[in-house]
Amino acid sequence: VQLVESGGGLVQAGGSLRLSCAASGSTFGITAMGWYRQAPGKQRELLATITSSSGTTNYADSVKGRFTISRDNAKNTMYLQMNSLKPEDTAIYYCNAKKLGWRTVTDYWGQGTQVTVSS
């Protein structure tokens, strides 16, 4: 599975960005996808997840009400709509896919996309 993020950039506080994560390769068996971020000197933080079957979503408290995760199964693409951005949202954003195998779950990661929010 290959994951490629896009859509990052520089935005002013209060602005919006939409990130995309395109999945390719052997995508059969992906059970869920999610967005993470990592700011300098901090641990990687889980932001939102979405299941492949039902589209059930979950959000971290830090982004609930501001970020929306969605997917387009026909395009094998996941999105993160980010509104009301704050300087503390500045980080590298990564997409993740969890693929179910025989008694295993394998994590796949994209290369990351930088989001910078200026005050």
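This presentation describes the core, the largest pocket and several single residues of one protein structure.

The model is predicted, and local features are reported only at pLDDT of at least 70, side-chain atom pairs only at pLDDT 80 or more, while totals for chains, interfaces and linings use all residues. Residues are numbered from 1 along each chain as its sequence is written, and side-chain values use heavy atoms, with hydrogens and water left out.

I begin with the core. A nonpolar core is a set of buried Ala, Val, Leu, Ile, Met, Phe, Trp, Tyr and Cys residues joined through side-chain atoms within 4.5 Å. Buried means under 20% relative accessible area, exposed over 50%, and partly exposed in between, with a 1.4 Å probe and protein chains only. Which members of the largest nonpolar core touch the most other members? They are L80, M82 and Y93, in a core of 28 residues. Two or more residues come from each of β3 (17-24), β4 (30-38), β5 (45-51), β7 (67-72), β8, β9 (91-100) and β11 (113-118). Strands here are DSSP runs of E with at least two residues, numbered from the N terminus. In soluble globular proteins, nonpolar side chains tend to be buried together.

Contact means heavy atoms within 4.5 Å. Leaving out residues up to four places away in sequence, the contacts of Y93 include L19, Y36, L47, F67, L80, M82 and V115.

I turn next to C21, in strand β3. C21 counts as buried because its relative accessibility is 0%. Beyond four places in sequence, C21 touches residues including W35, T77 and C95.

T77 belongs to strand β8 (residues 77-82). With a relative accessible area of 12%, T77 is buried too. A polar atom of its side chain lies 2.9 Å from the backbone oxygen of K75; a polar contact is a pair of N or O atoms within 3.5 Å, and within protein one must be able to donate a hydrogen and the other to accept it, residues adjacent in sequence counting only if both atoms are side-chain atoms. Among the more distant sequence positions, counted beyond four places, T77 is in contact with S20, C21, A22, R71 and D72.

T77 also helps to line the largest pocket, together with residues such as A23, I50 and N73. How much space lies in this pocket? The figure is about 190 Å³. At least two lining residues come from each of β4, β7 and β8.

R66 sits in the loop between β6 (57-59) and β7. R66 counts as buried because its relative accessibility is 11%. A polar atom of the R66 side chain lies 3.0 Å from the backbone oxygen of S84.

S84 itself is in the loop between β8 and β9. At 41% relative accessibility, S84 is partly exposed. Its phi is positive, near 50 degrees, in a residue other than glycine. Most residues other than glycine have a negative phi.

A further positive phi, about 60 degrees, belongs to R103, which is not a glycine. Is R103 buried or exposed? R103 is exposed, with a relative accessible area of 74%, and it lies in the loop between β9 and β10 (105-109).

Finally, L46 in strand β5 is partly exposed at 39% relative accessibility. L46 and A60 are 14 residues apart in sequence, with their C-alpha atoms 6.8 Å apart in space.

Terms used. Helix = DSSP H or I, 4+ residues; strand = E, 2+ residues; numbered from the N terminus. 1 Å grid on protein atoms, 1.4 Å probe; cavity = no way out; pocket = protein on both sides within 12 Å on 5 of 7 lines; lining within 4 Å. Points joined across faces, edges and corners; volume = space filled by probe spheres on them.
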